[in-house]
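Hi everyone, thanks for having me. I'd like to walk you through one structure today, so please have a look at the screen.

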Amino acid sequence: MEYLVCENDIIVRIQKGEEILASLNTLCKELNITAGSLTGLGACDNVTMGLYSLEEKKYFKNTFKGEFEISSLTGNISTKDNEPYLHLHITVSNGNGETFGGHLNECFISATSEIFIHKIDAKLERYPDKETGLNFIL
């Protein structure tokens with residue numbers, strides 16, 4: 001991973017073989033990012049994404065392997081128990097034009113990924129919501 005800090009914006013390049021969430025988690029710790037938003041794109045060859053079932057209060061995951069373009073990566077950064085908490089969604093497409101999307105659990109880069117982070121000068125702490133089972137901000 002390489003990055004450039006420009007005031008409250010960080011330009012990040014995730015390299016081949018690196019996992020997006022692990023890389024961004026390391027970056028958030030290193031730069032003390034406790035709140036922000038991010039967008040990105042790139043290419044991956046192994047991605048796990050899911051859908052949260054309110055009825056069952058758990059995530060259902062799907063893993064896709066092959067060549068994929070990351071057509072959209074978006075989300076936010078907050079904290080939970082004083083650790084970075086990345087809430088990201090991803091949409092990927094294959095060579096046939098089929099798209100898959102959902103809550104990002106894991107994504108390994110096959111070529112490169114370019115991500116822009118906008119750091120917010122605040123601390124957003126997540127807390128568990130009993131009704132949904134999710135971790136809410138604010």
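Before we start, a word on "strand": here, strands are DSSP runs of E with at least two residues, numbered from the N terminus. With that in hand, we can place Leu4: it sits in strand 1, which covers residues 2-6. And please keep in mind that what you see is a predicted model.

Let's stay at this end for a moment. Strand 1 runs antiparallel to strand 2, residues 9-15, and 5 bridges join the two. To pick one residue, Val5 has Ile10 in strand 2 as its bridge partner. The two strands make a hairpin with 2 residues between them. In that turn you'll find Glu7, with a positive phi of about 55 degrees.

Now back to Leu4. Is Leu4 buried or partly exposed? Its relative accessibility is 49%, so it counts as partly exposed. Leu4 also has company: together with Ile11 and Phe116, it forms a nonpolar patch on the surface. The three share about 280 Å² of accessible area.

Okay, on to the rings. How do you describe two aromatic rings together? You give the distance of the centres and the angle of the planes. This structure has 5 aromatic pairs, and I'll show you a couple of them.

One is Phe68 with Phe100. Their ring centres are 6.4 Å apart and the planes sit at 85 degrees, so we call this pair edge-to-face. What I like here is that the pair links distant parts of the chain: Phe68 is in strand 4, residues 58-80, while Phe100 is in strand 6, residues 99-119. That puts them 32 residues apart. Phe68 has 8% relative accessibility, so it's buried, whereas Phe100, at 25%, is partly exposed. Add Phe64 to Phe68 and Phe100, and you have one aromatic cluster.

Another pair is Tyr127 and Phe136. Here the centres are 6.3 Å apart and the planes are at 80 degrees, so this one is edge-to-face too. Tyr127 is partly exposed at 37% relative accessibility, and Phe136 is partly exposed as well, at 29%.

One last stop: Asn46, in strand 3, residues 36-53. Why does Asn46 count as buried? The cut-off for buried is under 20% relative accessible area, and Asn46 has 18%. And which residues does Asn46 touch, leaving out those up to four places away in sequence? They are Thr63, Phe64, Lys65, Glu106, Cys107 and Phe108. You've met Phe64 already, in the aromatic cluster.

That's my tour, thanks for listening!

Key
Residues are numbered from 1 along each chain as its sequence is written. This is a predicted model: local features need pLDDT of at least 70, side-chain atom pairs count only at pLDDT 80 or more; totals for chains, interfaces and linings use all residues. Side-chain values use heavy atoms; hydrogens and water are left out. Rings of Phe, Tyr and Trp (its six-membered ring) pair if their centres lie within 6.5 Å; planes under 30 degrees apart count as stacked, over 60 as edge-to-face and the rest as tilted. Helices (H or I, at least four residues) and strands (E, at least two) are DSSP runs, numbered from the N terminus. Buried means under 20% relative accessible area, exposed over 50%, partly exposed in between (1.4 Å probe, protein chains only). Patches are made of residues with over 30% relative accessible area and no salt bridge: like charges are joined within 9 Å, nonpolar side chains (Val, Leu, Ile, Met, Phe, Trp, Tyr) within 5 Å. Accessible areas come from the Shrake-Rupley method with a 1.4 Å probe; for residues, only the protein chains shown count as cover. A salt bridge is a side-chain nitrogen of Lys or Arg within 4 Å of a carboxyl oxygen of Asp or Glu. Two strands pair if DSSP finds at least two bridges between them. Contact means heavy atoms within 4.5 Å.
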